[in-house]
Amino acid sequence: MKFVTYLRVSTERQGQSGLGLEAQRAAVAAHVLGRGEVVAEFVEVESGKRSDRPELARALVEAKRAGAMLIIAKLDRLARNVAFIANLLESGVEVTAADMPEANRFVLHIMAAVAEQEGRAISERTKAALAAAKARGVKLGWSMPERASEQRQAARKGAAVNKARALAHAKNMLPVVAQIRAGGASLRQIAAELNARGIKTARGGTWHATTVRNILTSKSNVQKRAA
């Protein structure tokens, strides 16, 4: 049996250091041993709350092409969102998790719901703690006057990061768009297919013919940046 591995870490630092990745690789290797071989690996550095996963999209394309099963180390590495898991399961690619290889589609939905609830609970606890601190008169974040200069620097850095992220997203999406386009699909049909796969645009929205055209026309910019 062939396997395509999908690994995800939440921060750029983890992605660069390998923190968390080695443990995931070890879990996947233990599962694959004696069952088949890994033919490709894709690594995503992204928050679990986001559903626009270009590397996951590429992994799904490769799994379909190779007739392979998509394998992850832990189910909660996919997302804390039931709808996202549902779209993934409808992609036509067989998916398994190394920590629960016996899980069927129903169990995957249950586990995704639990992960989503846990993510919501963490968010609510954080908001409650911040609200309590604010009620005590504690100044938070950019409301502190002495952080004005830091705020301006952060804004400039944020703009640069957003631009780099948009280019990276375009670069990652090009193979996926090209694969769909190879079948003779129009821009509108490509957009519909991307939406059906649960893939989001760089800004987390839905695809339209114009956004697909932007990805295709950004190819030269991506190539210039790579050069």
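**Salt bridges, a cavity and the strands of one chain**

Let me open with a single side chain, Arg65, which counts as exposed because its relative accessibility is 62%, above the 50% at which that class begins. Everything I say this morning refers to a predicted model, so please take each value as computed from that model.

Arg65 has a partner, Glu62, and the two side chains meet in a salt bridge with an N to O distance of 2.7 Å. The pair sits within helix α3, which covers residues 54-66, and because Glu62 and Arg65 are three residues apart there, about one helical turn separates them. What I would like you to notice is how the two ends of this bridge are classed: Arg65 is exposed, at 62%, whereas Glu62 is buried, with a relative accessible area of 17%. Elsewhere, salt bridges that share partners join Glu22, Arg25 and Glu41 into one network, and it is to that network that I turn now.

Searching the whole structure gives five salt bridges, and I will take two more of them in turn. In one, Glu22 is bridged to Arg25, with 2.8 Å between the closest N and O atoms. Both residues belong to helix α2, residues 21-32, where they stand three residues apart, about one turn of the helix. In the other, Arg25 meets the side chain of Glu41 in a salt bridge of 2.9 Å, N to O. Since Arg25 lies in helix α2 while Glu41 lies in strand β2, residues 37-45, this second pair ties together parts that are 16 residues apart in sequence.

How exposed, then, are Arg25 and Glu41? Arg25 counts as partly exposed, at 29% relative accessibility, and Glu41 is likewise partly exposed, at 38%; both values therefore fall in the band between 20% and 50%.

Let me step back to the chain as a whole before going on to the strands. The protein chain has nine helices and four strands, and, read from the N terminus, the elements follow the order β-α-α-β-α-β-α-β-α-α-α-α-α. Of its 227 residues, 34% are buried. The exposed area of the chain comes to about 13,300 Å², and 54% of that is supplied by carbon and sulfur atoms. If we consider contacts between residues at least 6 apart in sequence, 68% of them join residues at least 24 apart.

With that figure in mind, I would like to follow the chain onward from helix α3, beginning with Gly67, which lies in the loop between α3 and β3. Gly67 counts as exposed, with 62% relative accessibility, and its C-alpha atom is 8.7 Å from that of Phe3, although 64 residues separate the two along the chain.

Next comes Leu70, in strand β3. Is Leu70 buried or exposed? Leu70 is buried, since its relative accessible area is 0%. Its C-alpha atom lies 4.9 Å from that of Val4, a residue 66 places away in sequence. Setting aside neighbours within four places in sequence, the contacts of Leu70 include Val4 and Tyr6, then Leu56, Ala59 and Leu60, and also Val93, Glu94, Val95 and Thr96.

One of those contacts, Val95, deserves a word of its own. Val95 lies in strand β4, residues 95-97, and is buried, with a relative accessible area of 13%. Its contacts, not counting residues up to four places away in sequence, are Met69, Leu70, Leu88 and Leu108. Between Val95 and Val4, 91 residues apart in sequence, the C-alpha distance is 9.6 Å.

Finally, let me say something about internal space. Rolling a probe the size of a water molecule over the atoms shows where empty space is left. In this model the count comes to two cavities of 30 Å³ or more, and I will describe the second largest, which has a volume of about 30 Å³.

Which residues line the second largest cavity? Its lining consists of Leu60, Val61, Lys64, Ser91 and Arg197; by class, that makes two nonpolar residues, one polar and two charged. Leu60 has come up already, as one of the residues in contact with Leu70.

That is where I will stop, and I am happy to go back to any of these residues on the screen.

Notes. Residues are numbered from 1 along each chain as its sequence is written. This is a predicted model: local features need pLDDT of at least 70, side-chain atom pairs count only at pLDDT 80 or more; totals for chains, interfaces and linings use all residues. Side-chain values use heavy atoms; hydrogens and water are left out. A salt bridge is a side-chain nitrogen of Lys or Arg within 4 Å of a carboxyl oxygen of Asp or Glu. Helices (H or I, at least four residues) and strands (E, at least two) are DSSP runs, numbered from the N terminus. Buried means under 20% relative accessible area, exposed over 50%, partly exposed in between (1.4 Å probe, protein chains only). On a 1 Å grid over the protein atoms alone, a cavity is a set of points where a 1.4 Å probe fits but cannot get out, and a pocket is an open set with protein on both sides within 12 Å along at least five of seven lines; lining residues have an atom within 4 Å of a point. Grid points are joined across faces, edges and corners, and a volume is the space filled by probe spheres set on the points. Ala, Val, Leu, Ile, Met, Phe, Trp, Tyr, Cys and Pro count as nonpolar, Asp, Glu, Lys and Arg as charged, and the others, Gly among them, as polar. Contact means heavy atoms within 4.5 Å. Accessible areas come from the Shrake-Rupley method with a 1.4 Å probe; for residues, only the protein chains shown count as cover.
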